[in-house]
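Please keep the sequence and the model side by side while reading, since the paragraphs below move from one region of the fold to the next.

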Amino acid sequence: MEYDSHNNDDNNKRIPVNEIRDVQVSEKEKSFVLSMDLPGVKEQNVDIKEQNFVLTIEALRKSGDTNVCKFYRQFSLDKKSIQPEGIHASLSDGVLTVHIPKRPEPQTLDVTPTSSDPPTEDDVENVFFRLDMPGVKLSDLKVQVKGDEMFISAERKKGNSTSSIKRMFTVDDTKLDVAKAKAYLSDGVLALTAPPTKKALAEESGKENKDGPLATKTDNAMSHCSIPINTKEATAQK
């Protein structure tokens, strides 16, 4: 049996750590739901965090001022399937329920290129990709984004011959808001830009939740911080 470094107030002994093994997983239309037993645990002693698509649940069972045991479990989340910003939880009658929203099916979006230089480094947008495309006209260039994938297709016309250019690559959409991507074609060089996500901005500025482990954040940057929880029965989600 594992033990935690928490000290009991009465006897300064380490407390046992129990892995949460009996977890019920169900799938709804718009979310995944985790349900697990945490008998004897109060809301203020539950800590739920998501960071880098790893969900960590820690709970402390107490008897008066004495720590009895600790519950612990981690879950790896599928980046392409879930949306960590909307994770929330409820605790009722010793049962913890965690709702993990599904990521919506990405739509294919057209990015209309412009014939100008990309923003400078002082602008909020980040140049995340450059591609030399000499001889390509703006009218022969097509840029699309779907989820975390970017698609580039173009034709270079030279006399009576035409050559095709096709590229596909993935972007870290936890750091860049690729749905707001822009394309710039200037002097035969294609530059793609996108603003940082709220999560990336929060990590960059070193923001932390200062209001306790279960406080609700006022913004939507739920990743890299604690998940809000309440003791009321959660409304069933489709």
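In this predicted model, the largest pocket has a volume of about 950 Å³. Its lining is made up of 31 residues, and Q83, R103, D173, D177 and A179 are those that lie nearest the centre of the pocket. Two elements, strand 13 (136–146) and helix 1 (198–205), give two or more residues each to this lining, and helix 1 gives the most, with three residues. Sorted by class, the lining of the largest pocket holds 13 charged, 11 nonpolar and seven polar residues.

Strand 13, which takes part in that lining, also belongs to an open sheet of four strands, arranged in the order 10-13-14-15 with antiparallel pairing. At the edges of the sheet are strand 10 (108–111) and strand 15 (161–170), each of which pairs on one side only. On average, neighbouring strands of this sheet are turned by 20° against each other, direction ignored. In general, the strands of a sheet pair through backbone hydrogen bonds, in either a parallel or an antiparallel manner. Here strand 14 (residues 149–158) and strand 15 run antiparallel and are joined by 10 bridges, and a position to look for along strand 15 is S163, which stands opposite R156.

A further set of pairings centres on strand 17 (residues 189–194). How much of strand 17 is covered? Five of its six residues are buried, so that the strand is mostly covered. Strand 17 pairs in the antiparallel sense with strand 12 (residues 126–132) over six bridges, and in this pairing A194 of strand 17 is the bridge partner of N126. Strand 17 is also joined by five bridges to strand 16 (residues 182–186), again in an antiparallel run, with V189 of strand 17 as the bridge partner of S186. Strand 16 and strand 17 form a hairpin with two residues between them, and in the turn D187 has a positive phi of about 55°.

From the strands one can turn to the nonpolar interior. In soluble globular proteins, nonpolar side chains tend to be buried together. The largest nonpolar core of this model has 23 residues, among which L55, L96 and V98 have the most contacts inside the core. At least two residues of this core come from each of strand 4 (31–37), strand 5 (41–51), strand 6 (54–63), strand 7 (66–76), strand 8 (88–92) and strand 9 (95–101). Apart from this core lies another one, of 22 residues, which include V111, V145, M150 and I165.

Two loops between strands that supply the largest core deserve a separate look. F53 is found in the loop between strand 5 and strand 6, and D93 lies in the loop between strand 8 and strand 9. Both residues have a positive phi without being glycine: the value is near 65° for F53 and about 55° for D93. Is each of these two loop residues buried or exposed? F53 has a relative accessibility of 10%, and because buried means under 20%, F53 counts as buried. D93 has a relative accessible area of 79%, and because exposed means over 50%, D93 counts as exposed.

Key. Residues are numbered from 1 along each chain as its sequence is written. This is a predicted model: local features need pLDDT of at least 70, side-chain atom pairs count only at pLDDT 80 or more; totals for chains, interfaces and linings use all residues. Side-chain values use heavy atoms; hydrogens and water are left out. Two strands pair if DSSP finds at least two bridges between them. Axes are lines fitted to C-alpha atoms, for helices over the stretch in contact, and angles run from 0 to 180 degrees between N-to-C directions. A nonpolar core is a set of buried Ala, Val, Leu, Ile, Met, Phe, Trp, Tyr and Cys residues joined through side-chain atoms within 4.5 Å. Buried means under 20% relative accessible area, exposed over 50%, partly exposed in between (1.4 Å probe, protein chains only). On a 1 Å grid over the protein atoms alone, a cavity is a set of points where a 1.4 Å probe fits but cannot get out, and a pocket is an open set with protein on both sides within 12 Å along at least five of seven lines; lining residues have an atom within 4 Å of a point. Grid points are joined across faces, edges and corners, and a volume is the space filled by probe spheres set on the points. Ala, Val, Leu, Ile, Met, Phe, Trp, Tyr, Cys and Pro count as nonpolar, Asp, Glu, Lys and Arg as charged, and the others, Gly among them, as polar.
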